[in-house]
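Please work through the exercises below with the sequence and the structure at hand. Each one sets a task, and a solution follows step by step.

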Amino acid sequence: MPETNYQPPNEAPPGPIRPVLKGQKALVTGASKGLGQAMAIGFAQAGADVLVNYHTDEEGARQTAKAIEACGRKAEVFQADVASEDDVSAMFHRMTDAFGRIDICAPNSGIQLNARVDEMTLAQWQRVIDVNLTGMFLCAREAIRAFKKQGIDRSVSYAMGKLIFMSSVHDIIPWEGHANYAAAKGGIMLLMKSLAQEVAHLRIRVNALSPGAIRTPMNVEKLTSPEVFERVLLKLIPAKRIGEPEDVARAAVWLASDESDYVNGVTIYIDGGMTLYPGFIGAG
Ligand code: BGC
């Protein structure tokens, strides 16, 4: 990560992650970097073994696996394109072969191919929808099938399974120049809620995380360009700090644990207040 003068130091994170996922098995897609990597490591810190999916960045996935193993947990690295039905099916087979079950599924893979709509190619539109939305559907479908097959094991969790979708503040904040991305994220919201409604009676919990600006490779521009960073930090984030991947990982661990057993069909915004219409501060 490049050094920058524009980032005020964040406060130290609030203590270690507690072992609330002991004995659980988690699958995280897009876990070679950014939020997926942080969630995979967070799950391991909380006691889970983790399948680390990546698409192109094998080296990043291996680093994630190393960090998981350093927590004393097992890691399985698996290459798959979440937009491919065959790849996703193969990934879930590997999950069963490696760990025998799945308790937590965190479909996280996401890309941006930005263009204004009148300049956007169909390929740009389609690829973002395929990875960011269809990928969620394909993983959720396999996860639900696996949860139902294995049933509830109360020694591991009260739930039959937990699904945690990675969304974005752009599931409710419109984003010009990123219509494909915002459409996919908006789609995740009602995919998540419809699915939660569909499977709640089975004790399968389905929720989403919607991060704002987090210090990940996707946001590197905001950390290196003072102009963009100042505009985002000062105008769009009431908390006046960029988020850390661990801010998201902690929420993921909580959603995956029985501590959130009565939480179903919600989106947790992890955004320093970005969704609070900060433009209204001192205005309106
Ligand atoms: C995007 C980031 C962006 C943030 C807030 C996220 O979904 O991935 O690039 O900074 O939303 O706009």
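**Exercise 1.** Which residues are around the ligand? List them, and then describe how the ligand is held by side chains and how the shell divides by residue character.

*Solution.* Keep in mind from the start that this is a predicted model. Step one is the list: around the ligand stand Gln112, Ser168, Val169, His170, Trp175, Tyr181, Gly212, Ala213, Met218, Asn219, Lys222 and Met274. Step two sorts this shell by character, which gives 6 nonpolar residues, 5 polar ones and 1 charged one. Step three looks at the oxygen atoms of the ligand: one is 3.0 Å from an N or O atom in the side chain of Gln112, while for the side chain of Ser168 the corresponding distance from a ligand oxygen is 2.6 Å. The side chain of Asn219 likewise has an N or O atom 2.6 Å from an oxygen atom of the ligand. Step four turns to surface, where the ligand taken alone exposes 310 Å², and the protein buries 92% of that.

**Exercise 2.** Check whether the length of helix α8 agrees with its number of residues, and find what its buried residues pack against.

*Solution.* Begin with the count: helix α8 covers residues 245-256, and because its 12 residues should span 16 Å at 1.5 Å a residue, the 16 Å between its end C-alpha atoms agrees with the expectation. The rise is multiplied by one less than the number of residues. Next, pick out the buried residues of α8, which are Pro245, Val248, Ala249, Ala251, Ala252, Val253, Leu255 and Ala256. Finally, look at their partners: these buried residues pack against α1 (34-45) and against the strands β4 (104-106), β5 (161-166), β6 (204-211) and β7 (267-270).

**Exercise 3.** Take Met166 and decide whether this residue is buried or exposed, then name residues that it touches.

*Solution.* Locate the residue first: Met166 lies in strand β5. Its relative accessibility is 3%, and Met166 therefore counts as buried, since the cut-off for buried is under 20%. Leaving out residues up to four places away in sequence, Met166 touches Leu35, Met39, Pro107, Asn108, Met136, Lys185, Ile188, Leu209, Pro211 and Val248. Val248 in this set is also one of the buried residues of α8. To compare sequence with space, note that Met166 and Asn207 are 41 residues apart along the chain, whereas their C-alpha atoms are 9.0 Å apart.

**Exercise 4.** Describe the surroundings of Asp49 and of His178, including the polar contacts of their side chains.

*Solution.* Asp49 lies in strand β2, which covers residues 49-54, and with a relative accessibility of 2% Asp49 counts as buried. A polar contact of 3.2 Å joins its side chain to that of Arg73. Arg73 also appears among the residues that Asp49 touches beyond four places in sequence, together with Gln24, Lys25, Ala26, Lys74 and Phe99.

Now move to His178, whose place is in the loop between β5 and α5 (179-199). His178 is buried as well, with a relative accessible area of 13%. Its side chain makes a polar contact of 3.5 Å with the side chain of Asn114, and the side chain of His178 also reaches the backbone oxygen of Glu176 at 3.0 Å. Apart from neighbours within four places in sequence, His178 is in contact with Gln112, Asn114 and Ala115; of these, Gln112 is also one of the residues around the ligand.

**Exercise 5.** Explain why the phi values of Lys240 and Tyr277 deserve a second look, and state where these two residues lie.

*Solution.* The background comes first: most residues other than glycine have a negative phi. Lys240, however, has a positive phi, near 60 degrees, and Tyr277 has a positive value too, near 50 degrees. As to position, Lys240 is found in the loop between α7 (226-236) and α8, while Tyr277 lies in the segment after β7. The last step is accessibility: Lys240 is partly exposed, with a relative accessible area of 39%, whereas Tyr277 counts as exposed at 63%.

Note on methods: Residues are numbered from 1 along each chain as its sequence is written. This is a predicted model: local features need pLDDT of at least 70, side-chain atom pairs count only at pLDDT 80 or more; totals for chains, interfaces and linings use all residues. Side-chain values use heavy atoms; hydrogens and water are left out. Helices (H or I, at least four residues) and strands (E, at least two) are DSSP runs, numbered from the N terminus. Buried means under 20% relative accessible area, exposed over 50%, partly exposed in between (1.4 Å probe, protein chains only). Contact means heavy atoms within 4.5 Å. A residue is near a molecule or strand if one of its heavy atoms lies within 4 Å of it. A polar contact is a pair of N or O atoms within 3.5 Å; within protein, one must be able to donate a hydrogen and the other to accept it, and residues adjacent in sequence count only if both atoms are side-chain atoms. Accessible areas come from the Shrake-Rupley method with a 1.4 Å probe; for residues, only the protein chains shown count as cover. Ala, Val, Leu, Ile, Met, Phe, Trp, Tyr, Cys and Pro count as nonpolar, Asp, Glu, Lys and Arg as charged, and the others, Gly among them, as polar.
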